[in-house]
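I opened this one to see how the chain is put together. My notes follow in the order I looked things up.

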Amino acid sequence: MIFYVERAVFFVLAVVALGLELWALADCARHPANAFEATGKRTKTFWLALTGGATLIGVMSLFGSGGGLFGTLGLFGLAAVVAASIYLADVRPAVKDAGRGGSRNTGPYGPW
């Protein structure tokens with residue numbers, strides 16, 4: 001009984017992690033390369049490779065969660081979630097603001 005509950009919990013965690021990694025990859029692909037350079041972050045190619053690798057590890061972890069060839073990937077799965085989280089928490093807000101340039105919602109003294 002405990003085995004099935006543990007398997008279900010790991011499967012749900014793998015789905016959530018994969019969703020986070022896919023979100024980071026899609027958002028990274030969406031922004032222009034010059035926005036990354038303007039904010040002083042690493043290049044777009046670096047972040048695409050990092051989030052793409054994280055997504056690949058997430059897919060392998062999801063389909064290997066039943067004790068298959070890859071298992072749950074333990075430390076690699078954790079590193080993939082951390083890489084995607086760093087992109088979403090640190091790089092995404094900076095790139096998002098840099099890509100806006102002259103937004104419609106800014107007045108002479110800042111956003112309104």
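**Notes on a predicted model**

I began with Gly-74, which comes out partly exposed because its relative accessible area is 44%, and the window for that label runs from 20% to 50%. Worth remembering that I'm working on a predicted model here. Gly-74 sits in helix α4, which covers residues 74–100. I also checked its spacing to Ser-61: the two are 13 residues apart along the chain, and their C-alpha atoms are 8.5 Å from each other.

**Whole chain**

Next I stepped back for the overall layout. I count four helices and two strands, and reading from the N terminus the order is α-α-α-α-β-β. The chain has 112 residues, and 28% of them are buried. For the surface I get about 7300 Å² exposed, with 69% of that coming from carbon and sulfur atoms. I also looked at the contacts with a separation of 6 or more: 62% of them join residues 24 or more positions apart.

**α1 against α3**

How do α1 and α3 pack, in angle and in axis distance? Helix α1 spans residues 2–30 and helix α3 spans residues 44–63; I find an angle of about 160° and axes 9 Å apart. Roughly antiparallel is therefore the right label for the pair, since the cut-off is over 145 degrees. I noted the crossing of α1 and α3 as left-handed.

Then I listed who makes the contact. On the α1 side I have Phe-11, Ala-14, Val-15, Leu-18, Glu-21, Leu-22, Ala-24, Leu-25, Cys-28 and Ala-29. On the α3 side the list includes Lys-44, Trp-47, Leu-48, Thr-51, Gly-52 and Leu-62. Sorting the residues of this α1–α3 contact by type gave me 14 nonpolar, five polar and two charged.

**Thr-39**

Last stop was a loop residue. Thr-39 lies between α2 (33–38) and α3. Is Thr-39 buried or partly exposed? Its relative accessibility is 25%, so I put it down as partly exposed; buried would need a value under 20%.

What does Thr-39 touch once I leave aside neighbours within four places in sequence? I get Ala-94, Val-95 and Ala-98. For Ala-94 I pulled the spacing too: Thr-39 and Ala-94 are 55 residues apart in sequence, yet C-alpha to C-alpha they are 6.3 Å apart in space.

Notes: Residues numbered from 1 in each chain as written. Predicted model: local features only at pLDDT ≥ 70, side-chain atom pairs only at ≥ 80, totals over all residues. Heavy atoms only, no water. Axes fitted to C-alpha atoms, helices over the stretch in contact; angles between N-to-C directions. Parallel < 35°, antiparallel > 145°, perpendicular 65-115°, else oblique. Left-handed = near helix turned anticlockwise from the far one by under 90°. Contact = heavy atoms within 4.5 Å. Nonpolar A, V, L, I, M, F, W, Y, C, P; charged D, E, K, R; others polar. Buried < 20%, exposed > 50% of the residue type's maximum accessible area, 1.4 Å probe, protein only. Areas by Shrake-Rupley, 256 points an atom, 1.4 Å probe, with all protein chains shown as cover.
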